[in-house]
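Visitor: Could you show me this structure and take a few questions about how it is put together?

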Amino acid sequence: MIFTSPPYADQRKSTYGGIHPNEYVNWFLPISKELLRVLKPTGTFVLNIKEKVVKGERSIYVMELILEMRKQGWLWTEEFIWHKKNSYPGKWPNRFRDAWERLLQFNKNKKFNMYQEEVMVPIGDWAKSRFKKLSDTDKRRDESKVGSGFGKNISNWVDRDKAYPTNVLHLSTECNNKKHSAAFPEALPEWFIKLFTKQGDTVLDPFTGSGTTNFVAQRMYRHSIGIDIYKEYYDYVKKQIDPKKLVLFEPNHEYDSIKNTRPNSIR
Ligand SMILES: C[S@@+](CC[C@H](N)C(=O)[O-])C[C@H]1O[C@@H](n2cnc3c(N)ncnc32)[C@H](O)[C@@H]1O
């Protein structure tokens, strides 16, 4: 799988350069072309991105990018939302605080590896009271009223303690990564790595920065590749990462979930 957060248009110019919103699509397409080439047919590309506001209006380069990537051969399979639970309050004259980012899921084929059971969540106490009194509709498959072909049978979920999550992830940003000003929280790649890969698979981050994706992938017994234009980041990740030898056909490992053991240093 490929998991990455590229530089956003015109942001963080002071740290690692910015690309003008009008040039963003042309800048990104040669990169996504190579990503399409190297991704396995059953693999998934997850792109964490958010358009900024320019002169009082949201830029549309993310939308344009989706359209162009589809022409390039990508399927735009899904969009996840990362809700930043701890985004700081603020006051703007014509909008509210930005508290979410997009995670665009692209694939090469309609059939791709997805391990949904790995990200199931506790069903929650609401279910106990909801399942106590099931209506007749709850006991049979209730087809969607909008003709989408989807339906639900509520009674199938009685006595289960886990349910599938939604496509909205509620995660806090991490403020303790002093190495990189735009690092995402470890829980973000972790969730997608669980969903789209197995132990021993390979995860690529072509804009790896402080190497969050690589550190998480390694903790989860996945191989990983990180690329960054700045040697400083490459050196940092290379120095911190501790290569592990995995034996062929090794049974699955238990791994610790989100234990922030990474150093915060350098800058
Ligand atoms: C948003 S940051 C990634 C942060 C990373 N997810 C983390 O957790 O630290 C984007 C990274 O892309 C790198 N970058 C910018 N232009 C690049 C390019 N053309 N090729 C590769 N890396 C690039 C920047 O140096 C920066 O580290």
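A short conversation about the structure follows.

Visitor: Before we start, what kind of model is this, and how are residues numbered?
Guide: It's a predicted model, where local features need pLDDT of at least 70, side-chain atom pairs count only at pLDDT 80 or more, and totals for chains, interfaces and linings use all residues. Residues are numbered along each chain as its sequence is written, starting from 1.

Visitor: How far apart do the C-alpha centres of domain 1 and domain 2 lie?
Guide: The bounds come from an automatic or database domain assignment. Domain 1 takes in 2-120 + 165-240, and domain 2 covers 122-157. Their C-alpha centres are separated by 34 Å.

Visitor: Which residues around the ligand come nearest?
Guide: A residue is near the ligand if its C-beta atom, placed from the backbone, lies within 6 Å of it. The shell has 11 nonpolar, 5 polar and 1 charged residues, with Ala, Val, Leu, Ile, Met, Phe, Trp, Tyr, Cys and Pro counted as nonpolar, Asp, Glu, Lys and Arg as charged, and the others, Gly among them, as polar. Of these 17 residues, the nearest are Ala183, Phe207, Gly209, Ser210 and Thr212.

Visitor: How many residues of helix α6 are buried?
Guide: Helices (H or I, at least four residues) and strands (E, at least two) are DSSP runs numbered from the N terminus. Buried takes 20 or more other C-beta atoms within 10 Å of a residue's own, exposed 12 or fewer, and partly exposed is in between, with C-beta atoms placed from the backbone. The cover over the buried residues of α6 includes β1, α5, β12, β13 and α7. For α6, at residues 212-219, the buried count is 7 of 8.

Visitor: Is Tyr221, just after α6, buried, exposed or partly exposed?
Guide: Tyr221 sits in the loop between α6 and β13. Its phi is positive, near 60 degrees, though it is a residue other than glycine. Because Tyr221 has 18 C-beta neighbours inside 10 Å, it counts as partly exposed.

Visitor: What is the bridge partner of Ile49 in β6?
Guide: Strands pair if DSSP finds at least two bridges between them. β2 runs parallel to β1, with 3 bridges, and antiparallel to β6, with 6 bridges. In β6, Ile49 is partnered by Arg102.

Visitor: Which residues of β2 are buried on the side with Phe45?
Guide: In a regular strand, side chains alternate between the two faces of the sheet. Both faces of β2 are covered, with Thr44, Val46 and Asn48 buried on one side. On the other side, the buried residues are Phe45, Leu47 and Ile49.

Visitor: Why do the buried residues of α7 line one face of the helix?
Guide: The buried residues are Tyr233, Tyr236 and Val237. They line one face because, seen down the axis of α7, they fall within an arc of 90 degrees, taken from the directions from the helix axis to the C-beta atoms. Lys231, Asp235 and Lys239 are exposed on the other side. What the buried ones pack against is α6 and β13.

Visitor: Which residues does Trp191 touch, not counting those up to four places away in sequence?
Guide: Trp191 is in helix α5 and counts as buried, with 23 C-beta neighbours inside 10 Å. The C-alpha atoms of Trp191 and Val119 are 7.0 Å apart, with the two residues 72 apart along the chain. With contact meaning C-beta atoms, placed from the backbone, within 7 Å, Trp191 touches Val119 and Leu169.

Note on methods: Contact = placed C-beta atoms within 7 Å.
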